[in-house]
Amino acid sequence: MRPKQIFPGVYSVGRDIATENSTPGFRVYDERLLKSKGREYRLWDPHRSKLAAGIAKGLKRFPFSPNSNVLYLGASSGTTASHLADICPNGLIYCVEFSKRMMQDLLQVTMRKRNMVPVLADANLPANYLHQIARVDILYQDVAQKNQAEILLKNSELFRPKFAMLSIKSRSINAVESPKKVFKREIEELKNDFSVLEEIDLMPYDKDHVLVNLERKTKGF
Ligand SMILES: C[S@@+](CC[C@H](N)C(=O)[O-])C[C@H]1O[C@@H](n2cnc3c(N)ncnc32)[C@H](O)[C@@H]1O
């Protein structure tokens, strides 16, 4: 089946989605590789990546392009970040992760995908990694913490991205309250600084998660 571009750097292949592999032959998780017309594609599993789940659920505004620089908070072992590295081959993906265990796995990926920059740091303390990071066009955040909106705001204040994408896991914030109420409250916190472009429920790929697509408001003085 021939890959068809649906967003810059993202393809549909039948019912699957894929990115063009910037490191042919190299696999990051157990994703399938597919060759078509001299190019190699990595199938992108929506059960393993909330951004892929968002696309599979009909995301409309895709902020990433080949030159984008991305600040990725909660990179883990690099599953989603590696697809962003494929999508933004001329940009840098700054991968912030605070678990040393996860960082060991992430380093195996960043050694091959050279536009991924590993940053061992706590996303709650952006001033600690400010000096390691140049321009940020898009902030992508997927951290299971109690203060998810607060982390995004702290980082966007310093790095001033034009767009942000936030995956909210309601159970990390409050395991007993209704997810809808938790989402509403977190998103409300962002509205002074961001316009909400889309809010996508990630079921059936991830229970009690939404992906929120945001554009930062430019404020006058
Ligand atoms: C759900 S996983 C991320 C999965 C990843 N985004 C993906 O799609 O490939 C959340 C990650 O965030 C990391 N994390 C949680 N709190 C953090 C913090 N305050 N600073 C940096 N990383 C954090 C965890 O160690 C974990 O690896």
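Helix H3 spans residues 100-110, and its buried residues are Met103, Leu106, Val109 and Thr110. Viewed along the axis of H3, these buried residues fall within an arc of 105 degrees, so they line one face of the helix. The model is predicted. Beyond H3, this briefing covers the ligand site and two single residues, alanine 56 and serine 172.

**Helix H3 and its packing**

- The buried residues of H3 pack against one helix and two strands: helix H2 (79-87), strand E7 (93-97) and strand E8 (116-120).
- Met103 is one of the buried residues of H3.
- Thr110, at the end of the 100-110 range, is buried too.

**Ligand site**

- The ligand is surrounded by 17 residues.
- The closest of them are Tyr72, Thr80, Glu97, Asp122 and Gln145.
- By class, the shell holds six nonpolar, seven polar and four charged residues.
- Threonine 80 places a polar side-chain atom 2.5 Å from an oxygen atom of the ligand.
- Alanine 123 has a backbone N or O atom 2.9 Å from a ligand nitrogen atom.
- Phenylalanine 98 brings a polar backbone atom to 3.3 Å from a nitrogen atom of the ligand.
- On its own, the ligand has 600 Å² of accessible area, and the protein covers 84% of that.

**Serine 172**

- Serine 172 belongs to helix H5, residues 170-173.
- Is serine 172 buried or exposed? Its relative accessibility is 18%, under the 20% cut-off, so serine 172 counts as buried.
- Setting aside residues up to four places away in sequence, serine 172 touches Ala144, Gln145, Lys146 and Gln148.
- Gln145 therefore appears twice here: Gln145 touches serine 172, and Gln145 is among the residues closest to the ligand.

**Alanine 56**

- Alanine 56 lies in helix H1, and residue 56 ends the 50-56 range.
- Alanine 56 has 40% relative accessibility; it counts as partly exposed because this value falls between the 20% and 50% cut-offs.
- Leaving out neighbours within four places in sequence, the contacts of alanine 56 are Pro46 and Tyr205.
- Proline 46 sits ten residues away from alanine 56 along the chain, and their C-alpha atoms are 6.9 Å apart.

Definitions and conventions. Residues numbered from 1 in each chain as written. Predicted model: local features only at pLDDT ≥ 70, side-chain atom pairs only at ≥ 80, totals over all residues. Heavy atoms only, no water. Helix = DSSP H or I, 4+ residues; strand = E, 2+ residues; numbered from the N terminus. Buried < 20%, exposed > 50% of the residue type's maximum accessible area, 1.4 Å probe, protein only. Contact = heavy atoms within 4.5 Å. Near = heavy atom within 4 Å. Polar contact = N/O pair within 3.5 Å; in protein donor to acceptor, adjacent residues only side chain to side chain. Areas by Shrake-Rupley, 256 points an atom, 1.4 Å probe, with all protein chains shown as cover. Nonpolar A, V, L, I, M, F, W, Y, C, P; charged D, E, K, R; others polar. Arc of directions from axis to C-beta.
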